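Reader: I should like to learn how to read a structure of this kind. May we go through it feature by feature?

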Amino acid sequence: MNAAINKYLPLSETTAYILLALSEPLHGYAIMQKVERISEGSVSLGPGTLYGAFTTLEKEKLITKVGETDRRKTYALTEKGRAVIKEHIARVQILAKNGAFTQQW
Amino acid sequence: MTTIHQWRWFFAWQDDKEEQWLREMALAGWHFRDVSPFGKYTFEQGAPRNDVYRLDFFRRDMNKAEYLQLFQDAGWAYVGELSRWQYFRKTVADDLDPAASDLPDIFSDNESKAAKYRRILLILVALLPIYLNAIITIARQQNSATSVYSIVMIVFLFFYTYAIIRLIMRVRQLTKKL
């Protein structure tokens with residue numbers, strides 16, 4: 001189980017934010033807006049990037065389609081997706097703790 | 001409505017130059033209408049507009065309706081297509097004169113930009129055995145007509161290889177990581 005998760009880590013910033021945004025099921029543009037907000041403007045997803053990410057994440061079974069309205073598909077995390085983002089955040093937290101001293105620079 | 005035609009040719013790795021050219025035309029008041037496979041671009045005259053054009057290379061097994069809806073939601077107008085090339089346009093707020101690197105883009109990271117060029121490479125590489133087979137088959141029948149033809153095909157093959165190399169270089173440039 002761990003190897004299946006670890007092969008995806010570390011995630012890119014784009015992927016990490018998409019998975020975080022999917023803490024609730026959302027469709028594409030809603031994810032774009034949420035990521036812009038929660039990243040405090042540091043990550044602004046482009047539609048080409050987001051669409052490509054959906055295709056890959058769905059193929060790797062980290063997310064799944066749960067509905068569709070007006071040509072907008074709603075996605076949600078799978079169990080595997082949850083495990084991946086959880087592990088990624090755990091790692092990033094250790095890194096951030098180690099890097100806290102750089103705030104003095 | 002005044003319409004003009006311009007003939008230009010852009011190779012797959014020159015899509016950024018094509019985007020820049022379409023932008024310059026729009027700033028001069030000529031707005032992209034259509035493009036044909038032979039490099040004929042149609043423009044309609046209008047007011048100069050601070051527009052950004054972006055090109056994507058679509059994969060046929062993807063869901064086009066969902067794809068286009070996402071772009072539309074994100075404020076990109078779908079203005080045309082040529083084979084798998086998709087043309088999008090967005091107007092930049094007029095009081096901004098951003099540096100090229102600050103202009104809106106449909107890709108927000110280098111990995112997805114590189115993925116676009118990889119999609120093109122996949123098609124080129126898949127077609128390569130077909131061309132090689134055609135050259136070999138024709139070269140085997142030795143008469144003057146076929147030897148001219150096989151020279152043409154070999155020149156084409158050299159260029160084809162050059163195209164593949166340029167695209168690979170572009171992908172590597174975008175995926176350089178520390």
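Author: The following exchange takes up the interface, then chain B, then one residue.

Author: This is a predicted model, in which local features need pLDDT of at least 70 and side-chain atom pairs count only at pLDDT 80 or more, while totals for chains, interfaces and linings use all residues. Residues are numbered from 1 along each chain as its sequence is written, chains are lettered from A and ligands numbered from 1 in the order in which they are written, and side-chain values use heavy atoms, with hydrogens and water left out.

Reader: How many residues does each chain bring to the contact?

Author: Contact means heavy atoms within 4.5 Å. Here chain A brings 20 residues and chain B brings 18 residues.

Reader: What is the area buried between chain A and chain B?

Author: Buried area is the accessible area (1.4 Å probe) that two parts lose on being put together, summed over both. Between chain A and chain B it is about 1600 Å², and carbon and sulfur atoms give 57% of that. On the side of chain A, the residues losing the most area to chain B are A:Pro47, A:Tyr51 and A:Arg71, together 40% of what that side buries.

Reader: Which residue forms a salt bridge with B:Asp73?

Author: A salt bridge is a side-chain nitrogen of Lys or Arg within 4 Å of a carboxyl oxygen of Asp or Glu. The rule finds one across this interface. The partner of B:Asp73 is A:Arg72, with the closest N and O atoms 2.6 Å apart.

Reader: Which element of chain A supplies the largest share of the side that touches chain B?

Author: Helices (H or I, at least four residues) and strands (E, at least two) are DSSP runs, numbered from the N terminus. Helix 4 of chain A supplies the largest share, seven residues.

Reader: What pattern does chain B follow along the sequence?

Author: Chain B has four helices and six strands, in the order β-α-β-β-β-α-β-β-α-α. Its C-alpha trace spans about 65 × 50 × 30 Å along the principal axes.

Reader: Is B:Arg170 buried or exposed?

Author: Buried means under 20% relative accessible area, exposed over 50%, and partly exposed in between (1.4 Å probe, protein chains only). B:Arg170 counts as buried because its relative accessibility is 17%. This residue is found in helix 4 (residues 144-174) of chain B. Leaving aside residues up to four places away in sequence, B:Arg170 touches B:Trp13, B:Asp15, B:Asp16 and B:Tyr117. In chain B, buried residues make up 41% of the 178 residues.
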